[in-house]
2 protein chains.
Amino acid sequence: MTGQEDKPARKRRGGGRPTIADVAARAGVSTITVSRALRDPHKVSETLRDRIDQAVRDLDYVPDSHASALASARTNVLGVVVPSLTNNVFSDTLRAIYDGLEGGPLRVQLGNSRYSAAEEERLLRIFLSQRPCALIVAGNDQTPAAREMLENADCPVVQIMEVSPDPVDMMVGFSHFEGGRAAGAHLIAQGYRHIGFVGARMDPRTKRRQAGFAQAMKDAGMYDPALIMTTATSSSVALGGWLLRELRQKRPDLDAVFCNNDDLALGALFECQRSGISVPDEFGISGFNDLEMMAAAFPTLTSVRTDRYGIGLRAVEMIRACLDGHPPARKILDLGFAVQARQSTARSPRD
Amino acid sequence: MTGQEDKPARKRRGGGRPTIADVAARAGVSTITVSRALRDPHKVSETLRDRIDQAVRDLDYVPDSHASALASARTNVLGVVVPSLTNNVFSDTLRAIYDGLEGGPLRVQLGNSRYSAAEEERLLRIFLSQRPCALIVAGNDQTPAAREMLENADCPVVQIMEVSPDPVDMMVGFSHFEGGRAAGAHLIAQGYRHIGFVGARMDPRTKRRQAGFAQAMKDAGMYDPALIMTTATSSSVALGGWLLRELRQKRPDLDAVFCNNDDLALGALFECQRSGISVPDEFGISGFNDLEMMAAAFPTLTSVRTDRYGIGLRAVEMIRACLDGHPPARKILDLGFAVQARQSTARSPRD
DNA sequence: TTGTATGCGTTATCAG
DNA sequence: CTGATAACGCATACAA
């Protein structure tokens, strides 16, 4: 084979979108200059930058993120894995994550593990294979394999919703154990004496709240396992009513209940109303999380306020800090909680 | 400076993960064969397939999705853009989408437009630049630019939550206008005569429900704009109480209210309880969407049931069908709604 | 500050 | 059914 002629313009495989080369040609520069002008504008002279920007607009050029990821082995994707999309707790946090990312270049890849550690592991494996710039996962109860993957991940990792002494990397949340204990202590302080616990789904955080509640009861010498009613079923308002009814049938002396979340608490309130039990005088109710409705109910419902939105914001802040090269000094951020005492536990003093 | 020796094996840029070439070498085949064995197993002889599978396991090989996307100009990413992550309506649908994708190869890229058409357009632009295999967006009120982008997208597009005669491509939802009208008609049928409307956020779907409600009132000769109270503020239980209180102050003759969503309805119920107004005899309440809590409340709350979960499932089904080469005959799927009449509108007959 | 050469890991194309 | 080769579009490394 000798003089091979000029090949006529090759056919494009990709849908014919303008590439960085088209922009470069139009601006009369090289592709790498376009690349720089778009990612580090200050590294390119103003003259060229203007020409390039103009060409970008003219051609309606949008960079190909896959090509970029392939060439640089980096992405702008923040992987987020949560156990539930419908649970208000996580949707509040998710909203905060999206809000915190506002305006920045980071995108979210969201996974729903449905409270399954195995599914979480699967999702993390996929996410990590795409070289995320950071990861956010819920809690500290990963499978051993997932834990190892996270520890070997060469990107910042934030575990959210909980605090524990052994984070993979960073952590933002609060102590569910202490939250449960505080709720129990509050009910005791309000004068209730036969205090039950109602819980659903029983994920790790739920269990820790239950353990904290039990601790409070034990500390007061009031612990009675027969006052505890839980189910693996997922939480709902109706379920709160059913569980409370069951519990009251078994133990008519029950005079208060700590509901593991606010949906259950609302259901418990309705159940009391249906049964003609006066809240709070005859019966006290506390929820957990302090969703907006708790303060709007009648009577207003006591709950343990948690800063779900703040958790999401802080997680994003920590990640940004890491990516900017200023990893936060504190790896563990405890955002705490606060018992919001309201009418549903404000029993008139007895003597 | 002079005789440059053999370069020792080049340093890998990417974190040293095994590549398809490593697998190929280990299995003693070419890379393309590995590629085929993984994507179209039936196109490769069983012998080689087994050798390749073994090599994949040995090396713990995971394909690089970016390289794949770049080379093939295709991805397994389903872009989803919703107006809200916290609104139960969308989180139910999202959950269905994730459930519907279960087990399959498709991933979700989720965007939150926060009820902003401009943000929606921005997200769609980004998503489309990544060559999604399909798109799901809420409603039919895109900006003209977004509409055009969707029409030119070379992938299936499903608009969800609503139905309208002019979809971009496919559509799954129901008529909000008719839903609002049905709720109004129900209240009229129950004997209420001074029926108000309470609405928040006032996004396009909300407005259509309001329009339907107004139509019902007009049809009955009962339309009174002074009985309508709306706000751009986002919806909440507390807001439902406040709006109802305002409305009742202005119009003490009000004897029922159609709340544009269930949070508002719950707030309205609490407001009645606070004010000692008996529901349903003195005052009727209907919500919209029929969230789980409506049936669990006391009194149980009337609402318009919508199939948010079904919408998500059907959207995924339609997309899978398209990707499998069997585009559905019906491009528009109306999943309807149903008035769930409950205690809150079951007024004792008057004569 | 700008450009040249080349690699990133995979798949399309076409030949055998 | 299998393989050699050339893209895919961008970014790194190094030169100028």
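**Notebook: DNA strand C and the two protein chains**

I began with the surface near DNA strand C, and found that helix 2 (31-39) and helix 4 (65-72) of chain A, together with helix 2 (31-39) and helix 4 (65-72) of chain B, each supply at least two of its residues. Helices here are DSSP runs of H or I with at least four residues, strands are runs of E with at least two, and both are numbered from the N terminus. I note that this is a predicted model, in which local features need pLDDT of at least 70 and side-chain atom pairs count only at pLDDT 80 or more, while totals for chains, interfaces and linings use all residues. Residues are numbered from 1 along each chain as its sequence is written, chains are lettered from A and ligands numbered from 1 in the order in which they are written, and side-chain values use heavy atoms, with hydrogens and water left out.

**Entry: DNA strand C**

I listed 28 residues around the strand, of which T33(A), S45(A), I20(B), S35(B) and Y61(B) come nearest; a residue counts as near if one of its heavy atoms lies within 4 Å of the strand. Of the atoms of DNA strand C that come within 4 Å of the protein, 67% belong to sugar and phosphate. I then looked at polar contacts, meaning pairs of N or O atoms within 3.5 Å. On the base side, a polar side-chain atom of R36(A) lies 2.9 Å from a base nitrogen, and a backbone N or O atom of A71(A) lies 3.5 Å from a base oxygen. On the phosphate side, a polar side-chain atom of R74(B) lies 2.8 Å from a phosphate oxygen of the strand.

**Entry: the two copies**

I superposed chain A on chain B with a rotation of 180° and 0.1 Å of shift along its axis, which gave an RMSD of 0.2 Å; the fit is by least squares on the C-alpha atoms of residues with pLDDT of at least 70 in both copies. The two copies are thus related as by a two-fold rotation axis. In chain A, the C-alpha nearest that axis belongs to H66(A), at 2.3 Å.

**Entry: chain A as a whole**

I counted 13 helices and twelve strands in chain A. Its radius of gyration, 27 Å, is well over the 20 Å that the globule rule gives for 351 residues, so the chain is more spread out than a compact globule; the radius is taken over C-alpha atoms, and the rule is 2.2 Å times the number of residues to the power 0.38. The C-alpha trace spans about 105 × 40 × 40 Å along its principal axes. I also found that 52% of the residues of chain A count as buried, where buried means under 20% relative accessible area, exposed over 50% and partly exposed in between, with a 1.4 Å probe and protein chains only.

**Entry: backbone details**

I found a cis peptide bond between V279(A) and P280(A), with omega about 10°, and P280(A) sits in the loop between helix 11 (262-275) and strand 9 (284-286) of chain A. In chain B, F298(B) and P299(B) are joined by a cis peptide bond with omega about -5°.

I also checked for positive phi outside glycine, and N289(A) has a value near 115°; this residue is buried, with a relative accessible area of 6%. R201(B) likewise has a positive phi, of about 65°, but at 22% relative accessibility R201(B) counts as partly exposed.

Terms used. A polar contact is a pair of N or O atoms within 3.5 Å; within protein, one must be able to donate a hydrogen and the other to accept it, and residues adjacent in sequence count only if both atoms are side-chain atoms.
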